[in-house]
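User: I am new to this structure and would like a close look at a single part of it, with its surroundings explained afterwards.

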Amino acid sequence: MVRAVIAVACAVLIASAPPALAQAWPAKPVRFIVPFATGGTTDILARLYAQRLGETLGTQFIVDNRAGAGGTIGTEAGARAASDGYTFVFGSTSSTAVSPGLYPKLAFDIARDFAPVAEIASASIVLASHPSLPARNVKELVALAKARPGEIVYASSGNGSSLHLCAEYLKHLAKVDMVHVPYKGVGPAMPDLLSGQVQLLFSDMPPFVPYIKIGKLRALGVTTAKRSPLLPDIPAIAESVPGYDLAGWYGVLAPAGTPSEIVNRLHGEIQKIMRSPQMKERYVALAIEPSERSPREYGEYVKSELAKWGKIIQLSGARIQ
């Protein structure tokens, strides 16, 4: 009889263990894997949240940069990590939605091997041109490209990158022919854009701002379906090319099987930090917008983005070199 009572008591304690563990979380340092090198927007955001979460939760949050292969190396490391709430992947459109369509033999599956935690931010990608190009907006660009097929040259941050695919999607929807020149990042492409050796480039807004202000570059459009509230004077590409709608975004994933109590707690803490005045200022400086999607909503969004970017990859025929 005594043994039976003890067995029942133990069963009750075991059943209640996950919530208890979740309440104690984090009891040791937490790792944010960033699948890119230092200095990019994903890395900047990861470090901002790591610092604030460490201050709020009293435990160190460590940023672990695992760059390479379009973000797949770091993402795979996250997929293989223990689902104990002490490793998360801080990814982006490129690593989470684009690369899985470019690398057919990956050792992980985003939908299967990860649990969505939080979308951190979204951003309009900007199409900029050298002022020597006689097109002041996307409508004029399309007309010019149709009149001069194969003559307009656009740069990208790399073959198969999300910024390359933004241009390929424009080519597909507008039915125009432009020449692609890939670079190893936006930074290396900028000098040739500023000198006029290439005429177009898609990028996040910050690299363009100083040059647009002094007239060395011209902003033609943003990739989101509607104008960005942060960039209201720049038209949406969709105003001239119906159906065009692409966005950059950043978010946190956990290895599949991570306790839901931990996922929900981290999501809640991220939302609190996101709403703080200090973080709002940083978002404006980075030309990004906050997101309030729940973990479930973020998971559904990731699946829809995987399908969208996968289709664009097929249409473009983009391949990893």
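User: Which strands does H9 lie across, and at about what angle does H9 run to S8?

Analyst: The model is a predicted one. In it, H9 lies across strand S5 (126-129), S6 and strand S8 (200-203). The direction of H9 makes about 150° with that of S8. With a cut-off of over 145 degrees for roughly antiparallel, H9 therefore counts as roughly antiparallel to S8.

The strands under H9 belong to a sheet. It is an open sheet of 5 strands in the order S7-S6-S8-S5-S9, and its pairing is mixed. Strand S7 (179-182) and strand S9 (218-222) are the edge strands, each pairing on one side only. From one strand to the next, the twist averages 30°. At the S7 edge, strand S6 (residues 153-156) and S7 pair in the parallel sense, with 4 bridges. One of the residues involved is Ala 155, whose bridge partner in S7 is Val 181.

Helix H9 (186-195) also takes part in the largest pocket, as one of the elements that give two or more residues to its lining. The others are H3, helix H5 (93-102), helix H8 (162-174) and strand S10 (248-255). The volume of this pocket is about 1300 Å³. Its lining consists of 47 residues, and those nearest the centre are Phe 36, Ser 94, Ser 157, Leu 163 and Gly 185. By class, 21 of the lining residues are nonpolar, 23 polar and 3 charged. H5 supplies the largest share of the lining, with 5 residues.

H5 leads to the other sheet. This is an open sheet of 6 strands, ordered S2-S1-S3-S10-S4-S11, again with mixed pairing. S2 and S11 form its edges, and each pairs on one side only. S1 and S2 pair in the parallel sense over 5 bridges, and among the paired residues Ile 33 has Asp 64 in S2 as its bridge partner. H5 packs on this sheet, where it touches strand S3 (87-92) and S10, and its direction makes about 75° with that of S3. S10 thus appears twice in this account: it is touched by H5, and it gives residues to the lining of the largest pocket.

H3, another contributor to that lining, packs against two helices. Its axis (residues 41-57) and that of helix H12 (residues 277-286) come within 12 Å and cross at roughly 175°. That angle makes H3 roughly antiparallel to H12. On the H3 side the contact is made by Ile 44, Leu 45, Leu 48, Tyr 49 and Arg 52, and on the H12 side by Gln 278, Met 279, Arg 282, Tyr 283 and Leu 286. These residues divide into 7 nonpolar, 1 polar and 2 charged.

The second partner of H3 is helix H11 (residues 260-274), and here the axes come within 10 Å and cross at roughly 110°. H3 and H11 are therefore roughly perpendicular to each other. H3 contributes Tyr 49, Arg 52, Leu 53, Thr 56 and Leu 57 to this contact, while H11 contributes Arg 265, Leu 266, Glu 269, Ile 270, Ile 273 and Met 274. The contact has 7 nonpolar, 1 polar and 3 charged residues. Tyr 49 and Arg 52 of H3 take part in the contact with H12 and also in the contact with H11.

The second largest pocket holds about 310 Å³ of space. It is lined by 20 residues, with Ser 122, Thr 224, Ala 247, Arg 293 and Tyr 301 closest to its centre. Strand S4 (114-123), strand S11 (289-290) and helix H13 (295-316) each give two or more residues to the lining. By class, the lining has 7 nonpolar, 5 polar and 8 charged residues.

Some loop residues complete the picture. After H5, in the loop that runs to helix H6 (110-113), is Tyr 103. Leaving out residues up to four places away in sequence, Tyr 103 touches Ala 69, Gly 70, Thr 72 and Ile 320. Tyr 103 and Thr 72 are 31 residues apart in sequence, and their C-alpha atoms are 8.4 Å apart in space. Ala 69 has a positive phi of about 55° although it is not a glycine, and its place is the loop between strand S2 (61-65) and helix H4 (72-80). In another loop, between helix H2 (17-24) and strand S1 (30-34), is Pro 26. A cis peptide bond joins Pro 26 to Trp 25, with omega at about 0°.

Conventions:
Residues are numbered from 1 along each chain as its sequence is written. This is a predicted model: local features need pLDDT of at least 70, side-chain atom pairs count only at pLDDT 80 or more; totals for chains, interfaces and linings use all residues. Side-chain values use heavy atoms; hydrogens and water are left out. Axes are lines fitted to C-alpha atoms, for helices over the stretch in contact, and angles run from 0 to 180 degrees between N-to-C directions. Angles under 35 degrees count as roughly parallel, over 145 as roughly antiparallel, 65 to 115 as roughly perpendicular and the rest as oblique. Contact means heavy atoms within 4.5 Å. Ala, Val, Leu, Ile, Met, Phe, Trp, Tyr, Cys and Pro count as nonpolar, Asp, Glu, Lys and Arg as charged, and the others, Gly among them, as polar. On a 1 Å grid over the protein atoms alone, a cavity is a set of points where a 1.4 Å probe fits but cannot get out, and a pocket is an open set with protein on both sides within 12 Å along at least five of seven lines; lining residues have an atom within 4 Å of a point. Grid points are joined across faces, edges and corners, and a volume is the space filled by probe spheres set on the points. Two strands pair if DSSP finds at least two bridges between them.
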